[in-house]
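Reader: I'm new to this one and would like a quick tour. Could you put it on screen so I can ask about it?

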Amino acid sequence: ATAVGGAARSLVESAPTLADCHLAQTARLVSALRSKRYAKPADALIDPALAVADRPTLPAEIATQDAAATVAPRRFRTLFGRGHAEFSTPRQQDAAEYLLHVLDALARAERVALEPGGRLATAADAADAEAPRGPVEYGPYDVMRTKPTEKLFAFQLEEKILCGQSGAARYKPATQLMLELGIPSDLVPTPDDAAESEAKRLKLDDGSETPKPRVGLDQCLAAWAAEETIDFTSSATGLKGVAAKTQRLKTCPRYLLLKINRYYISKTWEPKKLDVLVDVPTTLDLSSLKAGPRPAGEQLLPDDAPAPAAAAAAFKPDEGILAQLLGMGFDENGCKRACRATQNAGAEAAMEWVFGHMGDPDFATPYVDEPAGGAAAPSEGPDPDKVAGLAALGFTARQAEGALKACGGDAERAADWIFSRLDDLDGAVDAVLNEAPAGGSAGGDASTDFDDGDPTYELKGLVSHIGSNTGCGHYVAHLRDKEGSFVIFDDEKVARSEKPPLQLGYVYLYARK
């Protein structure tokens, strides 16, 4: 929907209701940002009366000279925040979460408009009817004719689990729109409240403040790619043990969104920001993070199918997980359901399930033991009542059938399965219903659906945050121009930046070379 000119006009004019159309509001915003109409100082603008005529969406008393030089997407913000518990409020939000929310909402609107004869196809025809355009930077890529805008940022991760007992491996793909990196705790420990207060008071001999800790982006990437030892129940042996987990990039997107997780929860359960400098290069090479070919002769772990004897056994919540949840004051029946829904995966997973289902009508009703993993689906197909129940949530019958098959007929787990795969739900359903081979992603290469390329990137911009946590402060954006200089975007202020805060970024945008 990054449309300008005739394409933007087509999307706006074809909108059933302008205020309710994600495509039209996005086209208006992008067209305004890319035009030169607003790239003027206020004193260089034409007569305010003409500015009013040129801006019919604003009341006359607002469309002054200053307002005419400002891109203020109020309708865009209202529409994309509508119905969201956080983004519909005037409170400050997390910039990274909001960006992903916008891409997701836009993708839902684009999928319908990308069908033959859809509004985006018509808009693309309108753009083609105009004077030929120059090549797209880092292109060509005509997003209006192919896939939703989010595909420009989408990439595939490959998680590898190497069983410590059998030596067999399992590969699990995952689609992401943003690469999230943590600050290595061994290099910059998370301060406790006492240490943090002391650090604020601490001064050097010359009276200046203690210098901020510094890490390199390469160190954050190395920590992300490092091998992790996890508790693991082997599907090959049926015994509990350990496994080595690693993750790599299966594909490299055209545009890479990179987030530095600077925030943490203090011992008093307050969100705070880790005050650290991260040395970020303008040219980034991710070759070392690319997934290589799989070892010849490598054995794959079988699917997690319970043995016939175990299938008839009643599920037993893990006593340790149950004790932790009960210690937090949650209802015992709800805690047992959390253990069952997460298959005793751990206290953190169970707690997340509790927070997400505390409002369910049956959360605190007496818990009844059922066979582990839920009742198996009948051989002739999923339970029609369960399919209808999931369809009532707004999903198709095929999506419901795929989710139920993936979760052994358990409707509760099937709902969680669907909501955790909304970024590529149809692809996940196809993989289940088309009988993917044992070992999960060991079969067909799903990475062909991604815009993959060379893993070398150039920094194009960043968003930084001024403040102690995401609930307060101010966000500022810096973008590089064609000459490589940075321009600051700080509300109405747009100017050349002499000292861009490259080490203090929260979200970085890289473009593939």
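Reader: How many disulfides does the structure hold?

Author: A disulfide is a covalent bond between the sulfur atoms of two cysteines. Bear in mind that this is a predicted model, and that the sulfur atoms of a pair have to lie within 2.5 Å to count. By that test, the number of disulfides in the structure is zero.

Reader: Is Cys-220 buried or exposed? And what about Cys-252, buried or exposed?

Author: The cut-off for buried is under 20% relative accessible area. Cys-220 has a relative accessible area of 0%, so that residue passes. Cys-252 also comes out at 0%, so the word for Cys-252 is buried.

Reader: What is the strand order in the open sheet of four strands?

Author: Strands of a sheet pair through backbone hydrogen bonds, either parallel or antiparallel. Here the pairing is antiparallel, and the order reads β2-β1-β6-β5.

Reader: Which are the edge strands?

Author: Look for strands that pair on one side only. That description fits residues 169-176 and residues 228-233, so to speak the two ends of the row: β2 and β5.

Reader: By what angle are neighbouring strands of this sheet turned against each other on average?

Author: For this one, direction is ignored. On average, the turn between neighbours in the sheet is 35°.

Reader: Which helix packs on the sheet?

Author: The helix to look for touches β1 and β6, and its direction makes about 140° with that of β6. You'll find it at residues 217-225, and its name is α9.

Reader: What is the bridge partner of Lys-160 in β6?

Author: Start with the two strands: β1 covers residues 155-163 and β6 covers residues 240-249. They pair in the antiparallel sense over seven bridges. Across from Lys-160, the partner in β6 is Thr-246.

Reader: How many residues of strand β12 are buried?

Author: β12 spans residues 456-466, eleven residues in total. The strand is mostly covered, and the buried count is eight.

Reader: Which residue in β16 stands opposite Leu-459?

Author: β12 pairs with β16, residues 505-512, over seven bridges in the antiparallel sense. Opposite Leu-459 in β16 you'll see Tyr-510.

Reader: And in β13, what is the bridge partner of Ile-466?

Author: β13 takes in residues 474-480 and runs antiparallel to β12, with six bridges joining them. Ile-466 has as its bridge partner in β13 His-474.

Reader: Which residue in β12 does Asp-285 stand opposite?

Author: Strand β11 is made of residues 283-285, and three bridges join β11 to β12 in an antiparallel run. In β12, the residue opposite Asp-285 is Thr-456.

Technical notes
Residues numbered from 1 in each chain as written. Predicted model: local features only at pLDDT ≥ 70, side-chain atom pairs only at ≥ 80, totals over all residues. Heavy atoms only, no water. Pairing = 2+ DSSP bridges. Axes fitted to C-alpha atoms, helices over the stretch in contact; angles between N-to-C directions. Contact = heavy atoms within 4.5 Å. Buried < 20%, exposed > 50% of the residue type's maximum accessible area, 1.4 Å probe, protein only.
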